[in-house]
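Colleague: I am new to this structure and would like to learn how to read a few of its features. Could we take them one at a time?

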Amino acid sequence: MKNKTFLIISREYLTRIQKKSFIIITILMPILLVAMIVLPVMLVMLNEKNQFSRVLVVDESEIFINNFQDNNHFEFSYRSGDIEQIKKEAFDQDFDVVLQILDNSESLKSNIYYKKNLPSGLESEIENQMDDIFFNQLLQDSLHIDRARYDHLQDLAKSDAVTIQIDEKGGEKEHDSDVNQLFGMACGMIIYFIIIIFASQVLRGVLEEKTNRIVEVLISSVKPMQLLIGKIVGIALVGLTQLVIWIALSAAILVGIQLAVPSLFTPDKVEAVESASVGYHLPDSASIDVAPDNIFQMIQNYFSVSFGTIIFAFIFFFVVGYLIYSTLYAATGSVVDNESDSQQYTMPITIPLILAIVFVPSISTNPDGPLAFWLSMIPLTSPVAMMVRLPSGVHAWELLLSMGIALTFLVFCIWFAAKVYRIGIMTYGKKPSWKTIFKWLREK
């Protein structure tokens, strides 16, 4: 019998990529992914740009006059006199808020008057500044120190820390653990959904061909193993095609955004690094990038491992994870006659992947812990667990060991699925028990 596996792969691949749903999802997904990254940044920047409030201070205690610090969001002005008259005039003069500080010797009390909406963060900003100003005044009075000297001492006491990670080779790079955790969690969730979606397509395809008796016609011209491999590989190529297009379109969109809005992805970190480096000499091997030339360099600066390694690992665990679950799902589809019955067999297979998702927060907060390590080694959970750990940095031997175990388990899954599929695809009627399925494994 002529090997027709390639024809089956071509049929599965071409049939799916020509569907409208494939085209729509392929185009929309990169837009949604980029929007999830860019829109929050743009909204925060827009909000910060538009959120500027003028505050008129009426200080009856005379402690806070000219002592509030203006910033990018709030500007303070000062008046004295009758509060009722000041309020009327202030809102006519486009002041957003009137702050009345009461003259009370026992505690600091104030009233904040506004007409439309209270500016976000204004109340806490006022309370914090009042606490600092009053405490500083008490210190000056108790230490009998002049204001200029006190301000100088305050400047000397300010600190600004930048987190710097040292890699295995002794190189140093600025590191943002929060970004690594969030990105790792996103990678884990994405790879979970991709594996489940495409593996489920294999299950539904096998069930459809079996219930419609199409498989009887196909088996007459191709071997069951050829049919199984063709279906799994064909759908895998669909997933890879979609993944490559997503990466390319996302990169193109990000480049376009950077060209259109160059300041959006240019964080000003030079001053922070210089402040944190006072008294500390960075060696020549340090690789802190404080002024990224483009968005991709800026993205690279956030991660403990190269972004190329992350992409390679993502593709590897997508392919291997998909092949593991698709072969097991295909075996499941071959032993039942409808999708509802398949739940009995797919649930034990899917539970480990669901558990990996449940433990994603724990893995991201402690990527080097024993839970994270063992979940990244178990092949049914490693696609999710390892991708959650990877952006925070893992040893090369751990990544290679996880890949090796996954590949070894994949070989077992292919052998198992081939044994079950060969007999199950032509079995109708009563669902086979687990005991019966294990008997099939011993047949030659």
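Modeller: Start with burial: a residue counts as buried under 20% relative accessible area, and as exposed over 50%. Keep in mind that this is a predicted model.

Colleague: How many of the 29 residues of helix 11 are buried?

Modeller: In helix 11, 21 of the 29 residues are buried, so the helix is largely enclosed by the rest of the structure. Helix 11 reaches 42 Å from its first C-alpha to its last, close to the 42 Å expected.

Colleague: How is the packing of two helices described?

Modeller: By the angle between their axes and the distance between the axes. Here helix 11 (residues 307-335) packs with helix 16 (residues 396-424) at about 20°, and their axes are 8 Å apart. The two helices are therefore roughly parallel to each other. Their crossing is left-handed. The residues of this contact comprise 23 nonpolar, five polar and no charged.

Colleague: What is a disulfide, and how many does a search of the whole structure find?

Modeller: A disulfide is a covalent bond between the sulfur atoms of two cysteines. The search finds zero. Cysteine 187 is buried at 6% relative accessibility, and cysteine 413 is buried at 0%.

Colleague: Which sign does phi have in most residues other than glycine?

Modeller: Negative, in most of them. In this model, glutamate 62 has a positive phi, near 65°, and asparagine 66 also has a positive phi, near 65°. Glutamate 62 lies in the loop between strand 1 (53-59) and strand 2 (74-79), and asparagine 66 is found in the loop between strand 1 and strand 2.

Colleague: Is glutamate 62 buried or exposed?

Modeller: Glutamate 62 is exposed, at 63% relative accessible area. Asparagine 66 counts as exposed at 59%.

Definitions and conventions
Residues are numbered from 1 along each chain as its sequence is written. This is a predicted model: local features need pLDDT of at least 70, side-chain atom pairs count only at pLDDT 80 or more; totals for chains, interfaces and linings use all residues. Side-chain values use heavy atoms; hydrogens and water are left out. A disulfide is a pair of cysteine sulfur atoms within 2.5 Å. Buried means under 20% relative accessible area, exposed over 50%, partly exposed in between (1.4 Å probe, protein chains only). Axes are lines fitted to C-alpha atoms, for helices over the stretch in contact, and angles run from 0 to 180 degrees between N-to-C directions. Helices (H or I, at least four residues) and strands (E, at least two) are DSSP runs, numbered from the N terminus. Angles under 35 degrees count as roughly parallel, over 145 as roughly antiparallel, 65 to 115 as roughly perpendicular and the rest as oblique. A crossing is left-handed if the near helix is turned anticlockwise from the far one by less than a right angle, and right-handed if clockwise. Ala, Val, Leu, Ile, Met, Phe, Trp, Tyr, Cys and Pro count as nonpolar, Asp, Glu, Lys and Arg as charged, and the others, Gly among them, as polar. The expected span of a helix is 1.5 Å times one less than its number of residues.
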